[in-house]
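Thanks for sharing this one. Here are some notes to read with the coordinates open, point by point.

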Amino acid sequence: MNKVMSNKAVIALYVLPALVLVMAVIYGPMLITGYYGLMEWNGIGEMTFIGLENYKVLIQDAKFWESAWHSFLLAIFSTISLAGYLIVSLILAGKIKGSNILRKIYLIPMLLSSVAIAQLWVKIYDPNNGVLNSLLSSFGMENPPVWLADTDLVLYAIFVAILWQYAGFYIIIYYAALKGIPEELIEAARIDGANPVQIAYKIKVPLISGVIKVTIVLAIVGSLKYFDLIYVMTGGGPNGASEVIASYMYKKAFDTFDFGYGSAIAFFLLIITLIVTWITRKLTASEDEVQY
């Protein structure tokens, strides 16, 4: 008995530093943000407790809900794009020439910072000297779109940049999972007469379904809290057409110095993310997981 207690004490001693770090870096700031959300505070002076007043204002804030809608649209786009990443991974995992070079090319965006990627795409979308509009003009288009200044197109233009930024991340995850499938299963399917499409759809994809579920959660959660690339490319403009929850929260806290309301938005974003993650896991859970 004493030996068991001694072992537990040793385990607790090893776990304690990581637990303290997690509490200090993750859970502590969450609780502090929730506390600030109950205050009226400009970030410098004294804080005044106002209870749920910030959350009442938030519920009636049309601009917040518009930014929330944009975040959900990005989440939907990002989830749909996973199918394209998976198809590319299936092709790269097959025996095709140049797959090694292509894998390295897809990893290039992962080596760049979000700010660098944002500046790159701002140059690409430049209405006067950008590569995209120059290409469209060469094909005969007289008035190419002003991508980042068009309220109807700006969100889609940003999504293309995000799609390019995270291509390597998801492709390498799917590629690693596909390479973990035993080759004997693939050979047995070929012997039985299955073509490459049938092997991919009926064998490979089901065997990596767990990885696909994880990437769905990552894509949705990442989209809901996305900030840096959008802020650098458009600052949420034009006229709020590309505003997302995180950028709206940043503006309220650091531009208007309403830290109480900004904290309320941040805490509300945390709640939304937890709810969406729970719903996503329930919808993608297998029968065994649901029963468990």
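1. Let me start with asparagine 133, which touches Asp126, Pro127, Pro144, Pro145 and Trp147 once residues up to four places away in sequence are set aside. The model is a predicted one. Asparagine 133 sits in helix α6, which covers residues 131-138. Its relative accessible area is 4%, and because buried means under 20%, the residue falls in that class. Of the residues that asparagine 133 touches, Trp147 is one, and here the two side chains make a polar contact at 2.8 Å.

2. On to the aromatic rings: the search of the whole structure gives 19 aromatic pairs. One of them joins phenylalanine 64 and phenylalanine 268 in an edge-to-face arrangement, with 5.7 Å centre to centre and 65° between the planes. This pair links distant parts of the chain, 204 residues apart, with phenylalanine 64 in helix α3 (residues 62-93) and phenylalanine 268 in helix α13 (residues 259-284). Phenylalanine 64 is buried, at 0% relative accessibility.

3. Phenylalanine 77 and phenylalanine 159 form another aromatic pair, this one tilted, at 5.1 Å centre to centre and 50° between the planes. Phenylalanine 77 belongs to helix α3 and phenylalanine 159 to helix α7 (residues 154-179), so the pair ties together parts that lie 82 residues apart in sequence. Is each partner buried or exposed? Phenylalanine 77 has a relative accessible area of 17% and is buried, and phenylalanine 159 also counts as buried, at 15%.

4. There is an aromatic cluster you may like to colour in your viewer. Its members are Tyr35, Tyr36, Trp41, Phe227, Tyr231, Tyr250, Phe254 and Phe259.

5. Next, the nonpolar interior. The largest nonpolar core has 37 residues, among which Phe64, Leu82, Tyr85, Ile208 and Ile265 touch the most other members. Two or more residues come from each of α3, α7, α8 (183-191), α9 (196-207), α10 (209-224), α12 (245-255) and α13. Which element gives the most to this core? That is α3, with 9 residues. Tyrosine 85 is in contact with Ile162, Leu163, Tyr166, Ala167, Tyr170, Ile171 and Tyr174, leaving aside neighbours within four places in sequence. A second core, separate and made of 23 residues, includes Ile124, Ile158, Phe159 and Ile230.

6. Helix α10 passes a simple length check. At 1.5 Å a residue, its 16 residues should span 22 Å, and the end C-alpha atoms are 23 Å apart, which agrees. The buried residues of α10 are Ile212, Thr215, Ile216, Val217, Ala219, Ile220, Val221, Ser223 and Leu224. They are covered by elements including α3, α7, α9, α12 and α13.

7. Valine 276 is a residue of helix α13, and at 17% relative accessibility it counts as buried. Apart from neighbours within four places in sequence, valine 276 is in contact with Phe72, Ile220 and Leu224. Both Ile220 and Leu224 are among the buried residues of α10. If you want a distance to check, the C-alpha atoms of valine 276 and tryptophan 69 are separated by 14 Å, with their positions 207 residues apart along the chain.

8. Last, the charged side chains. How many salt bridges does a search of the whole structure find? It finds 3. Glu183, Glu187 and Arg190 are linked in a network. Within this network, the closest N and O atoms are 3.6 Å apart for glutamate 183 with arginine 190 and 2.9 Å apart for glutamate 187 with arginine 190. Glutamate 187 and arginine 190 are 3 residues apart in helix α8, so about one helical turn separates them. The members of the network are partly exposed: glutamate 183 at 39%, glutamate 187 at 34% and arginine 190 at 41%.

9. Glutamate 243 also forms a salt bridge, with lysine 251, where the closest N and O atoms are 3.0 Å apart. Glutamate 243 is buried, with a relative accessible area of 9%, whereas lysine 251 counts as partly exposed at 22%.

Key: Residues numbered from 1 in each chain as written. Predicted model: local features only at pLDDT ≥ 70, side-chain atom pairs only at ≥ 80, totals over all residues. Heavy atoms only, no water. Helix = DSSP H or I, 4+ residues; strand = E, 2+ residues; numbered from the N terminus. Buried < 20%, exposed > 50% of the residue type's maximum accessible area, 1.4 Å probe, protein only. Polar contact = N/O pair within 3.5 Å; in protein donor to acceptor, adjacent residues only side chain to side chain. Contact = heavy atoms within 4.5 Å. Phe/Tyr/Trp six-rings, centres within 6.5 Å; stacked < 30°, edge-to-face > 60°. Core = buried A, V, L, I, M, F, W, Y, C linked by side-chain atoms within 4.5 Å. Expected span 1.5 Å × (residues − 1). Salt bridge = Lys/Arg side-chain N within 4 Å of Asp/Glu carboxyl O.
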